[in-house]
Amino acid sequence: MSVAAPPANKLTNFINGQWVESQTSEWRDVVNPATGELLASVPLADAADVNKAVEAAAAAFPEWRRTPPEDRIQPLFKLKTLLEEHIDDIARLITLENGKTFVEGKAEMRRAIENVEVACGIPMMMQGYNLEDVARGIDEMMIRQPLGVVAAIVPFNFPGMIAFWYLPYAIATGNTFILKPSERVPLTMRYVYELLEKTGLPKGVVNLVNGGKAAVDALIDHPKVRAISFVGSTPVARYIYSRSAQQGKRCQCQGGAKNHVIVLPDADMPMATQIISDSAFGCAGQRCLAVSVAVTIGEAQKTFRDSIADAASKLRVGNGLEDGVQMGPVISPQSKERVESLIGVGEKQGAKVLLDGRNAKIPKNERGNFVKPTILDDVPATSEITDTEIFGPVLSLVHADNMDEALAFLERSAYGNQASLFTSSGSAARRFRYEAPAGNIGINIGVAAPMAYFPFSGWKNSFFGDLHGQGRDAIEFYTDKKVVVERWAKEHSRKF
Ligand code: NAD
């Protein structure tokens, strides 16, 4: 993948309000996963590039933090309008570099815009609180102040949305910001930053550094970076969390997932089938909230198995820019190979391949990384396939005799990103909400993605930290609390 000399469409970094060339000698190809076409070459920035971005952000901070919150949100209103105007172009770019369908790309940008809208409420949300007379004549107040330079490191699977879990809140609260997009999908954020240039944000408030591990390490280690946000796989999340902690830094790291859905026999089966099919196979299963294991109870074993196999087999797979295509490719040939080999492991360990998406051939897109929807039935309760995050369009079916047994599957999982239940019973739903060991719960919902005004939760190995992205947590994360205790002598006030 690495090339000695960059081809045309050589990407640059955005530092101090300008697009600047990277100093690195390492580059990586950006490839369309549906066609194999080379789209661009992205620099893998080194510590020198990162240092320039941090210095620019640090220089912009004192003036930006003094800018009234009401003024700080004005560029965000402009950004919202620009994102709305350009949503189709951005969605097309997402499809080109990530592979998901145009409709999915557009839906992801809607969620991005939602975060911009919520951050526009910062003048209310950032307020502290106070109390007069904590002792006679003494008042106390808590005020929130921005941290300084903060950075976010994001994954390939939502090239447009995930940066927005951080950027709008970080700058609205008065911080200056550095984004490190995924080196596999850097084009979407280049476009977004071109829009940010038109919003009137002062130089250095938002910066972008392209790169991989070296850039991430340099951001974590730089003494002027105060906080790190990360979204990606669990091993990298754990690594970034511990490296940041060693530097005494505030850090929030969202990791991988293995999401379960429990289907009770009283569920509305056509609705459950449609929603679970969308969850498992939408975005080719490359969503951290994709359902990966369906646990059926009682007669749902047969009814759900038959209906989901039928629905999945009808999904139209292809290039996400073509009309009517419902599922695109996975991100890379390596990812396709890995997903197909995990299906083989499941088969060897006793699962029945009910629907086999391996060796998919998509006419006119022979070089694409396509895996069609795959369903494994009778997957053993403890096996590599039930424990591993597959991150592809593969749904495993397991059976349980009752809710206790079904919940035990979830307890055993190392991950806790999302758990869902399909039922028409209120008491079953309440029990599930109460007991399910996951941070995002869906009741008759397949992708329980929190709206921007709620935290994007995640438990166990799906999250390292305490404050999540989005919602009120974002304000907590991006501000330091300062408590002021105040006394003024009475005599002084009498003078005037
Ligand atoms: P990844 O961990 O490979 O990469 C994520 C980011 O980390 C990228 O910017 C990458 O450049 C950087 N990175 C990669 N290896 C690194 C290393 N060794 N040291 C430092 N930085 C490194 O993840 P990905 O493949 O891009 O994304 C898919 C993963 O993200 C899946 O596991 C998915 O579940 C997870 N994800 C989680 C959430 C969530 O909210 N919990 C959301 C989206 C994706």
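**Contacts between domain 1 and domain 2**

Between domain 1 and domain 2, 7 residue pairs are in polar contact, with both residues of each pair at pLDDT 80 or more. The elements that contribute two or more residues to the side of domain 1 touching domain 2 are helix 4 (87-98) and helix 5 (102-119). This is a predicted model, and its protein chain is divided into domain 1, which covers 13-255 + 462-483, and domain 2, which covers 259-443.

**Arrangement and extent**

- The C-alpha centres of domain 1 and domain 2 are placed 31 Å apart, and the contact draws 21 residues from domain 1 and 25 residues from domain 2.
- About 1,800 Å² is buried between domain 1 and domain 2, and 60% of this area lies on carbon and sulfur atoms.
- On the side of domain 1, the residues that lose the most area to domain 2 are Pro-33, Ala-34 and Ser-462, which together account for 26% of what that side buries.

**Polar and charged pairing**

- While 7 residue pairs are found in polar contact between domain 1 and domain 2, the rule for salt bridges finds 0 across the interface of these two domains.

**Composition of the domain 1 side**

- Helix 4 supplies the largest share of the side of domain 1 that touches domain 2, namely 5 residues.
- Sorted by class, the side of domain 1 that touches domain 2 comprises 7 nonpolar, 9 polar and 5 charged residues.

Terms used:
Residues numbered from 1 in each chain as written. Predicted model: local features only at pLDDT ≥ 70, side-chain atom pairs only at ≥ 80, totals over all residues. Heavy atoms only, no water. Domains from an automatic or database assignment. Contact = heavy atoms within 4.5 Å. Buried area = accessible area lost by both parts, 1.4 Å probe. Salt bridge = Lys/Arg side-chain N within 4 Å of Asp/Glu carboxyl O. Polar contact = N/O pair within 3.5 Å; in protein donor to acceptor, adjacent residues only side chain to side chain. Helix = DSSP H or I, 4+ residues; strand = E, 2+ residues; numbered from the N terminus. Nonpolar A, V, L, I, M, F, W, Y, C, P; charged D, E, K, R; others polar.
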